Each structure stands twice: as C-alpha cells, then as structure tokens.
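The following note sets out points on the structure for a colleague's consideration. Each point takes up one region in turn.

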Amino acid sequence: MQNTSFNHCNLPPWVIASRHFNDNPHNLEIQGVRGANRFLFDKLDTISSAEERAHIFNDYMSVKFQLHQWENQSTATARKSIKNSYLRFLRGWMMDSNSIEGAVLKGWVESRMGLPPTFHKLRIPGIHSEAYMVFAMDRTKGSARTNAINSQLDLLYEYCQYELAQRHPNERWLTLYRGTFDASEHDVLETISKREQIVRLNNLSSFTSVEERAWEFGFTVWEVRVPLTKLFFYNDLLPNSIMKGEGEYMVIGGEYHVRVVPCTL
C-alpha cells in the first residue's frame with residue numbers, strides 16, 4: 001500500500017515504513033509535542049524512579065486534558081467525552097484490535113506517521129477501497145467519543161520513547177515475537193529463505209517479549225528485531241497497567257524482516 005503523502009513526524013512516511021529504517025533506525029518525534037510539554041519532560045529528568053515518573057505522567061495528562069473533571073461537566077456527552085481518555089482506548093485495543101478503539105489507534109499512526117492500516121476487520125488493499133471506509137467509519141465513531149484523543153496519544157508516544165531511552169540507554173532494538181493464525185493476512189514482499197521473509201505489517205500490531213506466549217496467539221510465530229523508536233506502548237509503561245504481565249508491546253508497522261520460529265512441541 002502506498003503511504004499517505006504527509007505526516008506530523010520529523011521523517012517522511014516512506015522512510016518510516018521502509019526496511020532500511022528498521023536496519024538503521026533514527027529518532028522519531030511528533031512535531032511540537034516535546035516543546036509544548038517541556039515542563040513535563042524537564043520534571044521527569046529530575047526523577048530517578050520509573051514508577052514515580054509514571055505517576056507524574058498520569059497526573060500531567062489528567063490536568064492537561066481535564067480528565068479528572070469529567071463528573072463536573074454539564075451534559076452527559078461532555079462527561080463521556082472527557083472520561084473516554086487514552087486509557088479507554090488502550091483497554092479497547094487489548095480486548096480487540098479490530099474494535100472502534102483499535103481504529104482510533106490505527107488512525108493515530110496514519111495521521112502522525114503517515115502509514116495507513118492494511119487490516120481492520122478485513123484486509124485493506126488501498127485507501128480508496130470499501131474496506132478502508134469500514135476502518136474510517138470506526139475511527140470517526142471512536143474519535144467523536146472523546147476529547148483531543150490524538151493529542152493524548154501524541155504525549156503517550158513521546159513519554160514511551162522517553163522511558164525506553166531511560167531503560168535501554170545503549171540499545172536501538174528489542175527482539176519481540178508475534179503469533180498469528182493466518183500469516184497470509186500480511187503482504188510478503190520478499191522471501192529470503194525458508195524461515196526468513198520481508199513482510200509488511202499492519203500500521204499498528206501487538207507483539208510480546210515472551211516467545212512462549214506468542215504461541216498462544218497463532219500457529220505461526222515470528223521473531224522480529226523492532227527499533228525502539230517504533231514502539232508506541234508496552235505493558236509496564238504505566239502503573240497498574242492493563243497489560244501487566246503479558247509482555248505486550250504495540251509496534252508501529254511497515255516493512256519488517258521476520259524469522260519464523262520453529263515449533264518445538
């Protein structure tokens with residue numbers, strides 16, 4: 001699928017999507033987010049505890065987007081729009097990546113990174129297809145239910161990148177695993193060997209850091225070296241995470257070199 005012609009990043013979509021970027025990753029920044037929230041990141045620099053930094057981030061999000069004020073709104077619509085924060089969309093993704101919440105998250109990747117989804121309920125062959133319209137309708141429904149959700153997700157991504165730099169200061173990649181029942185839902189761009197391929201992943205996909213857990217999600221398991229800069233969220237980023245213990249990572253898509261893990265059962 002062709003990438004959209006614009007994004008809100010420091011690099012163009014075709015670079016972010018390429019296999020060459022994954023081999024030689026660079027920092028990705030959402031335009032203006034760090035600068036507009038300089039106070040938050042300056043404060044985080046003074047705190048050595050990851051757990052305390054996470055609490056500071058949650059508090060900052062609550063104040064900036066008035067998430068703690070939802071009960072004080074004058075109408076039911078206003079109360080719901082503020083209550084439906086970024087946490088609601090992460091929970092929705094965990095339950096079903098093809099949900100309305102999943103469409104909003106994929107829509108954020110499309111808007112900010114310039115990478116349209118290749119799958120939402122069904123394969124999406126292009127941005128002019130009927131399948132894309134199904135995705136677009138879900139994204140619109142979800143976005144209408146909340147307050148400044150893309151801005152919330154901008155900050156979540158930048159905070160995730162900040163924390164990854166603290167926890168993995170000398171690393172550029174993590175080895176992650178993805179299980180799938182239908183590997184054919186992904187576009188195979190090149191076959192390198194019997195167990196190695198270049199595939200185009202959906203613009204946002206779930207991975208795990210635990211190989212054994214990946215087998216719970218499919219008959220085929222891929223091992224992938226994922227750039228830290230293409231991690232949108234991971235299980236223990238926030239306190240009391242909804243993904244705690246699952247080793248889950250949400251990975252921004254594009255062209256990836258995957259290795260099929262042999263089944264040892």
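1. Lysine 121 occupies the loop between β1 (119-120) and β2 (122-123). The model is a predicted one, and in it the phi of lysine 121 is positive, near 75°, although the residue is not glycine. Most residues other than glycine have a negative phi. Is lysine 121 buried, exposed or partly exposed? Its relative accessible area is 47%, and because exposed residues must be over 50%, lysine 121 is classed as partly exposed.

2. A positive phi is also found at glutamine 66, which follows α5 and has a value near 55°. Helix α5 itself covers residues 50-64, 15 residues in number. From its first C-alpha to its last it reaches 21 Å, close to the 21 Å expected at 1.5 Å a residue. At the start of this helix, a side-chain oxygen of serine 49 comes to within 3.4 Å of the backbone nitrogen of glutamate 51.

3. Which residues of α5 are buried? They are Arg53, Ala54, Phe57, Tyr60, Met61 and Ser62. An α-helix has 3.6 residues a turn, so residues three or four places apart point the same way. The elements against which the buried residues of α5 pack are α3, α4, α7 (86-95) and α10.

4. Asparagine 37 deserves a separate comment. This residue lies in the loop between α3 (33-36) and α4 (38-44). Its relative accessibility is 4%, and therefore asparagine 37 counts as buried, the cut-off being under 20%. The side chain of asparagine 37 has two polar partners to be mentioned here: the backbone oxygen of valine 33 lies 2.9 Å from one of its polar atoms, and a polar contact of 2.8 Å links it to the side chain of tyrosine 60. Tyr60 is also one of the buried residues of α5. When neighbours within four places in sequence are left aside, asparagine 37 is in contact with Tyr60, Lys64 and Leu155.

5. The largest nonpolar core contains 59 residues, of which Tyr86, Met113 and Phe232 touch the most other members. Helix α10 (residues 149-167) supplies the largest share of this core, with nine residues. There is also a second, separate core of six residues, among them Ala103, Ala131, Tyr132 and Phe135.

6. What does tyrosine 86 contact, apart from its neighbours within four places in sequence? The list consists of Phe57, Asn58, Met61, Leu67, Ile149, Gln152, Leu153, Leu156 and Leu238. Two of these residues, Phe57 and Met61, appear among the buried residues of α5.

7. Strand β8 (residues 248-260) is mostly covered, with 11 of its 13 residues buried. Its pairing with strand β5 (residues 196-208) is antiparallel and comprises 11 bridges. Within β8, tyrosine 256 stands opposite valine 199.

8. Two further strands pair with β8. Strand β6 (residues 220-227) runs antiparallel to β8 and is joined to it by three bridges; here glutamate 223 has arginine 259 of β8 as its bridge partner. Strand β7 (residues 231-234) likewise pairs with β8 in the antiparallel sense, over three bridges. In this case, phenylalanine 233 is the bridge partner of methionine 250 in β8.

Key. Residues numbered from 1 in each chain as written. Predicted model: local features only at pLDDT ≥ 70, side-chain atom pairs only at ≥ 80, totals over all residues. Heavy atoms only, no water. Helix = DSSP H or I, 4+ residues; strand = E, 2+ residues; numbered from the N terminus. Buried < 20%, exposed > 50% of the residue type's maximum accessible area, 1.4 Å probe, protein only. Polar contact = N/O pair within 3.5 Å; in protein donor to acceptor, adjacent residues only side chain to side chain. Contact = heavy atoms within 4.5 Å. Pairing = 2+ DSSP bridges. Core = buried A, V, L, I, M, F, W, Y, C linked by side-chain atoms within 4.5 Å. Expected span 1.5 Å × (residues − 1).
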